[in-house]
Amino acid sequence: MKYQYCPQCGEKLIEKEIGDEGLVPYCETCKRPWFDGFYTCTITLVINEFDEVALIRQGYISDQFYVCIAGYVKCGESAEETAVREVKEELGLDVEQIRYTRSYPMPERSQLMLAFEAHVKKADFHISGEVDRADWFTYEEAHKRMRKGSVAIQLLERYFENKTGR
C-alpha cells in the first residue's frame with residue numbers, strides 16, 4: 001500500500017529524503033513520514049504424524065491448484081495465534097505443535113507472509129465455507145498439486161529437505 005494522502009489529516013503527501021530510507025511520503029502538516037504499508041499474513045504447512053500434509057483448494061484462489069492454510073493477522077493477535085486459528089477455522093483441526101520457519105515478502109500483493117509448520121493428529125476435516133476441498137497428501141502427491149514457484153510449494157520443499165537432510 002502506497003500512501004498518497006496523510007491517513008491522519010488528509011493532506012497530500014510530498015516526497016522527502018529521510019536519512020538512509022531515501023525518498024519517503026511525508027506529511028508537512030503532521031511532520032511525519034508514511035512508509036509504504038503491507039498486510040501481515042501467515043501461511044501454514046499442516047503435517048500429521050504420518051508426514052502427510054493437509055492442503056486445501058479454494059475456488060477464489062485456484063480451481064486447479066491446492067494451497068496451504070493462510071490468513072491475515074488480526075489486531076492484538078500474534079502470528080502463532082493466527083496460524084493456529086486459521087488451521088482450526090479452515091480444517092477443524094487442533095494444532096499440537098507449531099514452529100515458525102521464515103518470512104516471504106510478496107510485494108505484488110503488499111503482503112508479508114510468515115510461514116509456519118503445524119503438527120496435528122490425522123483426523124477428518126471439518127472445513128469452513130471458504131474452503132472447497134481439503135485432502136491429506138504425501139510429499140510427492142502434494143508437490144504435483146501445487147503451483148510451481150508458489151510460497152506454499154517452497155514451504156513444502158523446505159520442510160521435507162530439512163527432514164531428509166537433502
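Colleague: Over which ring does the charged end of Arg32 sit, and how many Å from its centre?

Modeller: This is a predicted model, where local features need pLDDT of at least 70 and side-chain atom pairs count only at pLDDT 80 or more, while totals for chains, interfaces and linings use all residues. Residues are numbered from 1 along each chain as its sequence is written, and side-chain values use heavy atoms, with hydrogens and water left out. A charge sits over a ring if NZ of Lys or CZ of Arg is within 6 Å of the ring centre and within 35 degrees of the ring normal. For Arg32, the ring is that of Trp34, with the centre at 3.5 Å.

Colleague: And over which residue's ring does the charged end of Lys12 sit?

Modeller: Look 5.2 Å from the charged end of Lys12 and you hit a ring centre. That ring belongs to Tyr5.

Colleague: On to salt bridges: how many does a search of the whole structure find?

Modeller: Side chains of opposite charge can pair when their charged atoms come close. Here a salt bridge is a side-chain nitrogen of Lys or Arg within 4 Å of a carboxyl oxygen of Asp or Glu. Searching the whole structure on that basis gives a count of nine.

Colleague: How many residues apart in sequence are the parts that Lys2 and Asp36 tie together?

Modeller: Their side chains form a salt bridge, 2.9 Å from N to O. Lys2 lies in the segment before β1 (14-17) and Asp36 in the loop between β3 (32-33) and β4 (39-47), so the parts they tie together are separated in sequence by 34 residues.

Colleague: Is Lys2 buried or exposed?

Modeller: The cut-offs are under 20% relative accessible area for buried, over 50% for exposed and in between for partly exposed (1.4 Å probe, protein chains only). Its partner Asp36, at 40%, is partly exposed. Lys2 has 65% relative accessibility, so it counts as exposed.

Colleague: Which helix does Lys163 bring into its pairing with Asp51?

Modeller: Lys163 and Asp51 share a salt bridge of 3.4 Å, N to O. Asp51 lies in the loop between β4 and β5 (53-57), so the pair ties together parts 112 residues apart in sequence, with Lys163 in helix α3 (residues 151-164). Helices are DSSP runs of H or I with at least four residues, strands are runs of E with at least two, and both are numbered from the N terminus. As for accessibility, Lys163 is partly exposed at 46%, and the helix it sits in is α3.

Colleague: In the salt bridge between Asp135 and Arg133, what is the N to O distance?

Modeller: Asp135 counts as buried at 19% relative accessibility, whereas Arg133 is partly exposed at 40%. Their side chains meet with an N to O distance of 2.6 Å.

Colleague: What geometry do the rings of Tyr39 and Tyr72 adopt?

Modeller: The structure holds seven aromatic pairs, where rings of Phe, Tyr and Trp (its six-membered ring) pair with centres within 6.5 Å, and planes under 30 degrees apart are stacked, over 60 edge-to-face and the rest tilted. With centres 6.1 Å apart and planes at 85°, the Tyr39 and Tyr72 pair is therefore edge-to-face.

Colleague: Which residues form one aromatic cluster?

Modeller: Two of the members are tyrosines, Tyr139 and Tyr159. The cluster is completed by a phenylalanine, giving Tyr139, Tyr159 and Phe160.
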